[in-house]
Structure formats: structure tokens, C-alpha cells
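I opened a new entry for this chain today. I wanted to start from one residue and work outward.

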Amino acid sequence: MCAKNQELVEAVVGKLTQMVTLAQAQAEARKKGERERAIELDKQLDLAYGEKERAVGAWKEHTVEHGC
């Protein structure tokens with residue numbers, strides 16, 4: 001695996017980790033009845049999902065172009 005591939009994989013893992021953190025915080029906010037916080041976290045989770053998808057797309061593109 002080349003250095004760029006590793007960098008892109010780490011970006012994907014970072015976004016997935018961010019999504020887990022946000023989802024856990026949202027679940028906790030919902031349990032506590034913190035409606036506004038849960039809504040805000042949902043928005044952040046939507047944005048993080050888009051970022052994850054872009055990171056996965058960049059990694060896939062690299063693997064096709066570079067063959068790693």
C-alpha cells in the first residue's frame with residue numbers, strides 16, 4: 001500500500017470514527033430528552049456522512065488510478 005493510499009484510508013477511518021462519536025452523543029441526548037442538542041447532532045452527523053462518502057470516493061478513485 002502506498003503512502004497516499006494509507007493517507008486516504010486514515011481519512012476514511014477518521015470520518016467513520018467521527019460518525020460513531022456523533023451517533024453516540026446523539027443517542028445520549030435523545031435518552032436525556034435533550035431535543036435541540038439531538039437535532040443539532042443529527043445535522044452534524046449528516047454532514048459527517050457526506051464527508052465520509054467523499055473520503056471513500058477519493059480512496060476508491062486512487063485505488064483504481066494507482067492500482068493499490
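**Entry 1: Arg 37.** I began with the contacts of Arg 37. Leaving out residues up to four places away in sequence, Arg 37 touches Ala 25 and Ala 29. The model is a predicted one, and I read it as such. I placed Arg 37 in helix α2. Is Arg 37 buried or exposed? Neither label fits: Arg 37 is partly exposed, at a relative accessible area of 43%. I also checked Gln 26 against Arg 37. Their C-alpha atoms lie 7.5 Å apart, with the two positions 11 residues apart in sequence numbering.

**Entry 2: the fold.** Next I stepped back to the whole chain. I counted two helices and zero strands. The radius of gyration came out at 15 Å, while the globule rule gives 11 Å for 68 residues, so the chain is more spread out than a compact globule. I then looked up the box that the C-alpha atoms fill. Along the principal axes, that box is roughly 50 × 15 × 10 Å.

I asked what share of contacts join residues at least 24 apart. Among contacts between residues at least 6 apart in sequence, the share is 61%.

**Entry 3: the core.** Which residues make up the largest nonpolar core? I listed eight: Met 19, Leu 22, Ala 25, Ala 29, Ala 38, Leu 41, Leu 45 and Ala 48. Helix α1 (3–31) and helix α2 (35–66) each give at least two residues to this core. I noted the general background: nonpolar side chains in soluble globular proteins tend to be buried together.

Ala 25 and Ala 29 appear in this core, and both are contacts of Arg 37. I then picked Leu 45, another core residue. Beyond four places in sequence, Leu 45 touches Met 19, Leu 22, Ala 23 and Gln 26. Of these, Met 19 and Leu 22 are core members too.

**Entry 4: His 62 and Thr 63.** I moved along helix α2 to His 62. His 62 counts as buried because its relative accessibility is 12%, and the cut-off for buried is under 20%. What covers this position was my next query. Apart from neighbours within four places, His 62 is in contact with Cys 2, Lys 4, Asn 5, Leu 8, Gly 67 and Cys 68. The C-alpha atoms of His 62 and Asn 5 are 7.0 Å apart, although 57 residues separate them along the chain.

Thr 63 lies in helix α2 as well. Thr 63 is buried, at 17% relative accessible area. Its contacts beyond four places are Asn 5 and Cys 68. Asn 5 and Cys 68 also turn up among the contacts of His 62. For a second distance I took Val 20. It sits 43 residues from Thr 63 along the chain, and their C-alpha atoms are separated by 25 Å.

**Entry 5: surface and charge.** I closed with totals. Of the 68 residues, 26% count as buried. The chain exposes about 4,800 Å², with 55% of that supplied by carbon and sulfur atoms. How far apart are the mean positions of the positive and negative charges? I found 5 Å, for 11 positive and 12 negative charges.

Methods: Residues are numbered from 1 along each chain as its sequence is written. This is a predicted model: local features need pLDDT of at least 70, side-chain atom pairs count only at pLDDT 80 or more; totals for chains, interfaces and linings use all residues. Side-chain values use heavy atoms; hydrogens and water are left out. Helices (H or I, at least four residues) and strands (E, at least two) are DSSP runs, numbered from the N terminus. The radius of gyration is taken over C-alpha atoms; the globule rule is 2.2 Å times the number of residues to the power 0.38. Buried means under 20% relative accessible area, exposed over 50%, partly exposed in between (1.4 Å probe, protein chains only). Contact means heavy atoms within 4.5 Å. Accessible areas come from the Shrake-Rupley method with a 1.4 Å probe; for residues, only the protein chains shown count as cover. Lys and Arg count as positive and Asp and Glu as negative; His and the chain ends are not counted. The place of a charge is taken as NZ of Lys, CZ of Arg, CG of Asp or CD of Glu. A nonpolar core is a set of buried Ala, Val, Leu, Ile, Met, Phe, Trp, Tyr and Cys residues joined through side-chain atoms within 4.5 Å.
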